Amino acid sequence: MQTIGTISAIAVIGIVLLLQSASQTLAQQTPPQPQTDLNETQLRSFAKVYVQIEKILKTYESQLKEVKTPEEGKQIQSEEISKVHQALTQEGMDEQSYKRIVAIANADDGLRKKLVGFIDEERQKS
């Protein structure tokens, strides 16, 4: 059953890498995006969701390492995805709006730095 745990861990790592990639992409992407209508409230909501998702992934990562059956792994992954969607919804966001903010911040170094600052503030609150 170690294989199931490994497969599940790989799936979680994939999600974590996606988020890390989004974070790194914030700093690396060069194509310009049009100026946006993002305000501080939206950026702070994004930061809050980002930190919540980090916590969710960390929590479920350890659970996925302990799975004994594929069904158990699927159940845990389903619960993890549900929690991520719940975190987004609580802040009035969906995956599309989350990705939109990432894309916008990628194009604007000042906005990206501001967003990273909000994320750091959220981490300190937690």
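**Exercise 1. Work out how Thr-69 is classed by accessibility, and where Thr-69 lies.**

Step 1: Thr-69 has 29% relative accessibility, so Thr-69 counts as partly exposed. The classes go like this: buried is under 20% relative accessible area, exposed is over 50%, and partly exposed is in between, with a 1.4 Å probe and protein chains only.

Step 2: Look for Thr-69 in the loop between α2 and α3 (70-90). Helices here are DSSP runs of H or I with at least four residues, strands are runs of E with at least two, and both are numbered from the N terminus.

Step 3: A polar atom of the Thr-69 side chain lies 3.0 Å from the backbone nitrogen of Glu-72.

A quick word on the model: it is predicted, so local features need pLDDT of at least 70 and side-chain atom pairs count only at pLDDT 80 or more, while totals for chains, interfaces and linings use all residues. Residues are numbered from 1 along each chain as its sequence is written, and side-chain values use heavy atoms, with hydrogens and water left out.

**Exercise 2. Describe the protein as a whole.**

Step 1: Count the elements: you get 5 helices and 0 strands. Along the sequence, that reads α-α-α-α-α.

Step 2: Check burial: 33% of the 126 residues count as buried.

Step 3: Now the surface. The protein exposes about 7,800 Å², and 52% of it comes from carbon and sulfur atoms. The areas come from the Shrake-Rupley method with a 1.4 Å probe, and for residues only the protein chains shown count as cover.

Step 4: Take the contacts with a separation of 6 or more: 81% of them join residues 24 or more positions apart. Contact means heavy atoms within 4.5 Å.

**Exercise 3. Find how α2 sits against α3, and which residues meet.**

Step 1: Two packed helices are described by the angle between their axes and the distance between the axes. Axes are lines fitted to C-alpha atoms, for helices over the stretch in contact, and angles run from 0 to 180 degrees between N-to-C directions.

Step 2: The α2 and α3 axes cross at roughly 170 degrees and come within 10 Å. That makes α2 roughly antiparallel to α3. The cut-offs are under 35 degrees for roughly parallel, over 145 for roughly antiparallel, 65 to 115 for roughly perpendicular, and oblique for the rest.

Step 3: Among the residues in this contact are Tyr-60 and Leu-64 of α2, and Gln-77 and Leu-88 of α3. By class, the contact has 10 nonpolar, 5 polar and 3 charged residues. Ala, Val, Leu, Ile, Met, Phe, Trp, Tyr, Cys and Pro count as nonpolar, Asp, Glu, Lys and Arg as charged, and the others, Gly among them, as polar.

Step 4: Zoom in on two α2 residues. Tyr-60 is buried at 6% relative accessibility, and its C-alpha is 7.8 Å from that of Gln-77, 17 residues apart in sequence. Leu-64 is buried too, at 0%.

**Exercise 4. Do the same for α4 and its partners α2 and α5.**

Step 1: Helix α2 (residues 40-65) packs on helix α4 (residues 95-107) at about 110 degrees, with the axes 11 Å apart. So α2 is roughly perpendicular to α4. This contact has 8 nonpolar, 1 polar and no charged residues.

Step 2: For α4 and helix α5 (residues 109-125), the angle is about 125 degrees and the axes are 5 Å apart. That makes α4 oblique to α5. The contact includes Ile-101 of α4 and Leu-115 of α5.

Methods:
A polar contact is a pair of N or O atoms within 3.5 Å; within protein, one must be able to donate a hydrogen and the other to accept it, and residues adjacent in sequence count only if both atoms are side-chain atoms.
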